[in-house]
Structure formats: structure tokens, C-alpha cells
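Colleague: Could you walk me through the strands and the helix of this model, one question at a time?

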Amino acid sequence: LRRSEERYRQLFRAIPHPVFVYDAHTLRILSVNEAATRKYGYSRDEFVTMTITDVRAPDPAPRVLGPVARESGIVDGPPAARRHLTRSGAVMEVDVSSFSLNLEGRAVKLALVTDVTERRRAEDELRRSEGLFRGIFESAAAGVSLTDAQGRFVSCNPAFAAMLGRSVTEVLRLTPAAITHPDDLPGQLALMDEVRAGRRERFNY
């Protein structure tokens, strides 16, 4: 039994992501692993004088939580998006997976923390880039359209629709073949075949 307990203790310490064990009622931190001390900058002795709320950054958009969530801040189930503070005051975007346990008759929570700061930053940058692209796309004076591999319009800007004397909604019900002069259609279909085969990414018509 003692050997088994030691193996679990070693496993707990070796988990590469921060892990907190805390009292489900008082929220007092009972134990942390090595990854938590490295990531947050507190020693084990300091952590056990804190509650789990001490590592949470103020939420800019307060959530409406049920009674279980209000008690512990995290409900069991899929990872919850949270913002945590390190000892230096740096804010981390994290996903927290929580599990309810019974430790010698004591209700505790085990929280596994994954730092997703860089991923969220990349997602935000992607959203900004997409917004910039859409702004340029929508306001461009030149007509621009996008088609899928099956040769159907999936998007076009107002300038392109105006060239055809149609609304954007009407254009998206058409295919390039429907607006192409019969004499030009064979060449356009050949170009589309090259796109499908991966030999080109775009073409003009």
C-alpha cells in the first residue's frame, strides 16, 4: 500500500501541467505539483496558505454561475476557460479541468490547468486578420469572388455583384459557368480543373 501511494505521489508530481488539490468548501489549496510551482512562481509552502481564488484574475465579463459553480468556481466536466495570475502579476489564459474527489472523507477538487495563452493570442490575431481581410474584400472597388472546389460561388464582394447587376445573395445562388460567355466557358472549366488538381490556387476570368 505504501509503495502504491508513493507511485501515485510521483505521478502527481510528474504531471507536466499544473495540478491543484483544494477543499471543495473552503477552497483552501491542499497540494500542488511541481509544474504549478514553476508556472505560478509560488512555493508549496506558500500555496498551502492560499485559496484557489487567489490565483484567479478578475473576470472582465462575470459569468452567471449555478450553486455548484459558485461554491468552487469550476464545475466537473469539459475544461472551463479561466484567467489566472502568477506571483509576478502576469495574467495567463488557461483551461481548467476539474474533478470531484473524496479524500479520507473530505470533499476535494482536483484541478488540472493547461496554459493556453499563446493559443488564445494566436486565435485573437487570426480573428483580427480575418476582420481586416473582410474589410478590404467588402470595400474593394474591383470585383472579387471566391468559389469552392465544385465550382460554386461561396462569397463575393458588392463590387462583383454590381458588375453582374445582381445582389450578393443572388450571385451566391449561381455558378461561374452561369455568368460566363459560352465562348469562354471551355477555358474557364480547364482552369477550374487545374485548381481542383492543386496545380493553381486562383485564376482570372
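Colleague: Happy to start with a single pair: which residue of β5 stands opposite Leu101?

Modeller: Keep in mind that this is a predicted model. Strands β4 (residues 91-103) and β5 (residues 106-115) pair in the antiparallel sense, over ten bridges. Opposite Leu101, in β5, stands Val108.

Colleague: Thanks! Which strands stand at the edges of the open sheet of five strands?

Modeller: The order in this open sheet is β2-β1-β5-β4-β3, and the pairing is antiparallel. Two strands have a single partner strand each, so one side of each is left without a neighbour in the sheet. Those edge strands are β2 (29-32) and β3 (80-85).

Colleague: And by how many degrees are neighbouring strands of this sheet turned against each other on average?

Modeller: Direction is ignored for this value. The average turn between neighbours is 35 degrees.

Colleague: Now the helix: which residues of α5 are buried?

Modeller: Helix α5 (residues 117-139) lies across β3, β4 and β5, at about 135 degrees to β4. Its buried residues pack against β3, β4, β5, β6 and β7. With buried meaning under 20% relative accessible area, they are Thr117, Arg120 and Phe137.

Colleague: Lovely. Which residue in the hairpin of β6 and β7 takes a positive phi?

Modeller: β6 (residues 145-147) pairs with β7 (residues 153-156) in the antiparallel sense over three bridges, and Thr147 has Phe153 as its bridge partner. The hairpin has five residues between the strands. The one with a positive phi, near 80 degrees, is Gly151.

Key: Residues numbered from 1 in each chain as written. Predicted model: local features only at pLDDT ≥ 70, side-chain atom pairs only at ≥ 80, totals over all residues. Heavy atoms only, no water. Pairing = 2+ DSSP bridges. Helix = DSSP H or I, 4+ residues; strand = E, 2+ residues; numbered from the N terminus. Axes fitted to C-alpha atoms, helices over the stretch in contact; angles between N-to-C directions. Contact = heavy atoms within 4.5 Å. Buried < 20%, exposed > 50% of the residue type's maximum accessible area, 1.4 Å probe, protein only.
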